[in-house]
Amino acid sequence: MANLEIDFCGIKSPNPFWLASAPPSNSGYQVQKAFEQGWGGAVWKTIGAPVMNVCNRYGTMDYKGSKIIGLNNVELISDRPIETNLKEIAETKKLFPKNTVICSVMVESKKEAWQEIIKRAEQTGCDGFELNFGCPHGMSERGMGSAMGQVPEYTCMVTEWVMEVATIPVIVKLTPNITDIVHPARAAINGGASALSLINTINSIMGVDIDTFEIKPNVGGKGGHGGYAGPAVKPIALHLLSAVGSDPEVIKRGLPISGMGGVETWRDAVEFMLLGSTSVQVCTAVMHWGFRIVEDMIEGMSNWMDERGFTSPHDFIGKSLPRISHFGDFDLGFQSVARIDHDKCINCNLCYIACNDAAHQCIDLKEVQLKNIGNGNGRLMPVVREEDCVGCDLCSTVCPVDDCISMVEIETGRPHVTWNELTKKRPEITQDWGKMEQYRKEVGIHIH
Amino acid sequence: MAEHYKPVKYLPWEMSLEERFQEYYPAYSEREAVLEANRCLYCHDAPCMVACPTTIDIPTFIRKISTGNVKGSARTILESNLLGASCSRVCPVEVLCEGACVLQHDHKPITIGRLQRYAMDYAQEKNIEFFQKGEPNGFKVVVVGSGPAGLSCAGELAKRGFDVTVLEKREWGGGLDTYGIVVFREPVEVSLGEVKMMEKLGVKFKFNTEVGKDVSFEDLVKEYDAVFVSVGLGAVPEMEIPGEKMEGVHDGLEFIEETKVKPLKDIKFGNRVCVIGAGNTAIDCATIARRLGSERVSIVYRRSEAEMPAYHFEYQFAMKEGVSFMFLTQPVEVIGENGKIKALKCKRMDLGQPDASGRRSPVEVPDSEFEIPCDMLITAIGQKKLTYITDKLVNEFGVKLIKGYISVDEKTNRTAHPKIFAGGDCIRSHGEASTVMAVEDGKIAANGIHVTLCGEGAHREPALASKK
């Protein structure tokens with residue numbers, strides 16, 4: 001069993017799995033129960049300004065019988081008094097000294113307010129702070145949450161206020177509801193943040209009831225944007241994580257990142273960590289299944305590490321980051337084509353219709369000799385016309401059979417050059433269609 | 001029945017008689033149906049559709065269930081098969097659509113039959129009328145026999161504006177779907193609902209009207225522009241062994257019929273029952289007897305397991321129901337006491353050379369006679385051809401036969417007589433007799449009649465015009 005311990009800007013955590021600041025980390029009862037079941041840390045549900053909640057608070061995105069592939073909410077920060085929360089944080093930290101307890105904070109944009117709550121909360125013995133600059137609903141309308149995170153100057157300013165008084169690490173939580181997340185990330189760094197966490201939830205309307213015309217979630221006949229989370233947002237989170245993680249400023253300061261957004265299994269966690277997360281935070285999956293999912297997360301990651309000879313998560317954190325590149329640096333000479341294993345093909349012809357209607361019409365339905373006569377009904381099989389295949393990969397993505405369609409790299413003799421290199425060496429090709437056509441003829445690219 | 005079909009828990013001693021004769025598979029709930037529909041890969045040029053004799057666009061109707069467009073799903077089914085409700089229950093899906101499903105091999109095939117039933121039940125419950133009587137085109141067609149072939153032909157013609165009259169010798173329409181399918185597979189209301197659907201399309205039904213008795217073929221051919229003969233087949237033939245007229249010996253089809261038309265508690269059954277034959281009707285009889293309460297039910301068959309005509313899933317079903325099978329056993333005599341059956345005398349058989357049907361023929365084992373004690377004997381060894389009808393058609397109208405079945409042109413289902421068309425079991429000289437085949441026969445004949453009377457290409461337009 002691999003050692004999953006991580007060092008997050010000096011905070012030692014028994015494993016990288018933390019509860020995100022959210023309903024599962026609302027109380028001492030919940031966080032202590034989570035620690036008993038194996039969670040390495042918890043970011044306490046945000047404490048701060050007084051709030052009143054509404055109901056209903058959640059809307060879900062379900063897909064083909066699978067519940068909650070996405071979850072949105074209009075719940076606010078903790079609706080319990082600050083005093084109660086601080087008392088339970090102290091109690092929890094005392095009971096679980098080895099587990100990480102991060103106190104999430106959000107108050108109105110006044111220096112005294114921020115500094116006062118930081119000083120009070122430090123007395124709980126918590127390991128660090130997370131500044132909630134991301135909540136996209138309810139709080140943002142009052143000038144807090146994402147209203148702050150969306151303006152880099154505010155992010156920097158408030159971080160500075162906090163850093164003046166904080167003696168423990170401070171994580172700045174970033175909102176995804178912004179054009180380029182790198183700007184607030186740099187602002188947090190300039191403000192002196194010890195670490196970053198992302199992503200907070202994404203603005204969303206979950207749906208409309210087509211019988212009643214009500215908005216989901218429905219708050220007494222009305223609805224509005226809420227924060228979107230869950231497995232469906234993972235690709236967005238991974239992108240923003242990699243954007244921040246590969247930013248030279250972030251790399252220079254060596255700030256750790258706590259990643260979140262759709263982490264449901266150890267596999268998701270590994271992906272986040274490969275793109276630079278030191279710890280991962282989880283909410284939706286716990287809201288769906290409870291704290292018990294952490295047992296598999298720990299065991300699954302540990303088995304995965306053992307198989308690869310990793311002894312610490314720090315052996316693989318960020319390992320995929322160097323692969324994050326830009327379109328202009330991709331190899332234009334890399335060519336793959338689809339190959340169909342006809343002995344595995346079940347003849348659903350989904351590849352055929354996808355290629356024919358939505359790609360490049362390079363799959364034909366033909367008679368095929370099979371090795372094992374699995375298919376005795378004489379039906380035509382999909383066959384790729386390799387010389388016309390553009391290697392788009394659509395067919396293999398729609399194929400329902402494992403390893404039936406594989407994308408195989410072939411050598412075409414074309415130059416291995418990138419768009420950027422081409423732009424530099426022969427700019428005329430990238431600006432003139434006639435020259436482009438000429439170049440294609442020259443290197444043997446035929447677009448049918 | 002296929003493994004992945006999970007029937008209701010069957011503990012007969014805990015169930016009332018009525019419960020035992022409820023539909024074997026419970027109806028899908030909305031959630032079950034949508035979940036199952038979502039499993040469908042939505043194949044392009046799907047093998048299931050190719051395997052359906054009526055070429056229902058199965059991926060499309062399943063997709064419509066998954067999107068909540070159940071009404072549209074039902075329309076997709078009925079556009080290809082007006083008897084979609086019966087077919088969803090009685091089709092041998094394991095050898096047709098589900099057998100062809102691409103998920104058959106390493107997964108579980110989609111339960112196409114049950115999904116179709118879900119859509120059909122929805123349409124029935126909501127009382128949706130999908131089609132209307134077509135603009136009258138002035139032609140009159142008579143359909144003889146209201147089984148699935150007759151209903152399908154009548155409905156398709158009515159949609160196209162024909163004036164259609166169906167003659168039915170029995171009290172109710174629907175043919176074997178009404179009278180001959182075991183009630184826990186298809187309740188009688190389903191088939192009668194299909195008769196009603198045709199009535200709403202403007203088809204006129206004359207029940208208790210038998211051709212040859214109440215009305216003559218001569219009059220029909222004279223009075224109507226076309227005649228569709230879908231008379232089916234007759235009763236179970238005699239076994240031609242001594243004692244078969246004895247009390248306690250029953251015709252299998254009549255036995256099944258009782259479950260459809262009588263209160264269950266009024267059906268007489270034996271305690272030790274022998275069923276002769278090993279086709280699907282024999283399986284139905286044996287399982288009915290078990291569900292009525294017979295303690296021992298044996299299927300007696302002169303050939304072996306490999307030659308039995310029942311579908312494999314029917315055979316498995318019967319075994320699950322506690323029916324025992326006596327293969328290579330030839331009945332030779334019904335033994336009685338005071339005119340009532342007491343036992344069935346049989347001989348052991350061996351398999352010899354293949355016969356005309358390609359199956360190895362049974363050969364008697366000498367001195368192997370033995371008796372099976374029984375108080376009821378049910379015969380299910382096929383159906384007699386209705387020679388009184390075919391003779392007349394041959395002698396007076398020049399209709400041709402193949403192996404005693406009416407011979408038709410495959411593309412139009414027209415007989416050798418220009419006005420007489422035929423379909424259903426009475427033309428099934430080869431292939432499997434089934435509801436879905438009969439429905440397709442009716443469609444082919446309706447097209448044939450339409451093209452013959454209205455000209456080439458005529459059949460295309462009305463099908464579209466019938467859409468609401």
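Hi everyone. A quick definition before we look around: strands here are DSSP runs of E at least two residues long, numbered from the N terminus. With that in hand, A:P217 sits in the loop between strand 13 (215–216) and strand 14 (226–229) of chain A. Please keep in mind that this is a predicted model.

Let's stay with A:P217 for a moment. The bond leading into it from A:K216 is a cis peptide, and omega there is near -10°. Chain A has a cis bond between A:C55 and A:N56 as well, with omega about 5°. For those following on the screen, A:N56 falls in the loop that runs between strand 4 (41–48) and strand 5 (58–63) of chain A. As a reminder, most peptide bonds are trans, and most residues other than glycine have a negative phi.

That brings me to phi. Where is A:F213 found? Look at the loop between strand 12 (207–208) and strand 13 of chain A. This phenylalanine has a positive phi, near 65°. Is A:F213 buried or exposed? A:F213 is exposed, because it has 8 other C-beta atoms within 10 Å, and the cut-off for exposed is 12 or fewer.

Now over to chain B, where B:Y42 also has a positive phi, near 60°. Its place is the loop between helix 2 (30–39) and helix 3 (47–51) of chain B. B:Y42 has 16 other C-beta atoms within 10 Å, so this tyrosine counts as partly exposed.

On to the inside. How many residues does the largest nonpolar core have? It has 145, and B:F228 and B:V275 are the ones with the most contacts inside it. Helix 17 of chain B, residues 435–454, supplies the largest share of this core, with eight residues. If you click on B:F228 and skip its neighbours within four places in sequence, you will find it in contact with B:V141, B:V143 and B:V144, with B:G150 and B:C153, with B:F421, B:A422 and B:G423, and with B:A445. Another core, of 89 residues, lies apart from that one, and its members include A:W18, A:L19, A:L196 and A:A237.

Last, let's zoom out on chain A. This chain is divided into domain 1, covering 6–321, and domain 2, covering 327–421. Taken over C-alpha atoms, the centres of these two domains of chain A are separated by 41 Å.

That's my tour, thanks for listening!

Technical notes:
Residues numbered from 1 in each chain as written. Chains lettered and ligands numbered in written order. Predicted model: local features only at pLDDT ≥ 70, side-chain atom pairs only at ≥ 80, totals over all residues. Helix = DSSP H or I, 4+ residues; strand = E, 2+ residues; numbered from the N terminus. Buried ≥ 20, exposed ≤ 12 C-beta atoms within 10 Å, placed from the backbone. Core = buried A, V, L, I, M, F, W, Y, C linked by C-beta atoms within 7 Å. Contact = placed C-beta atoms within 7 Å. Domains from an automatic or database assignment.
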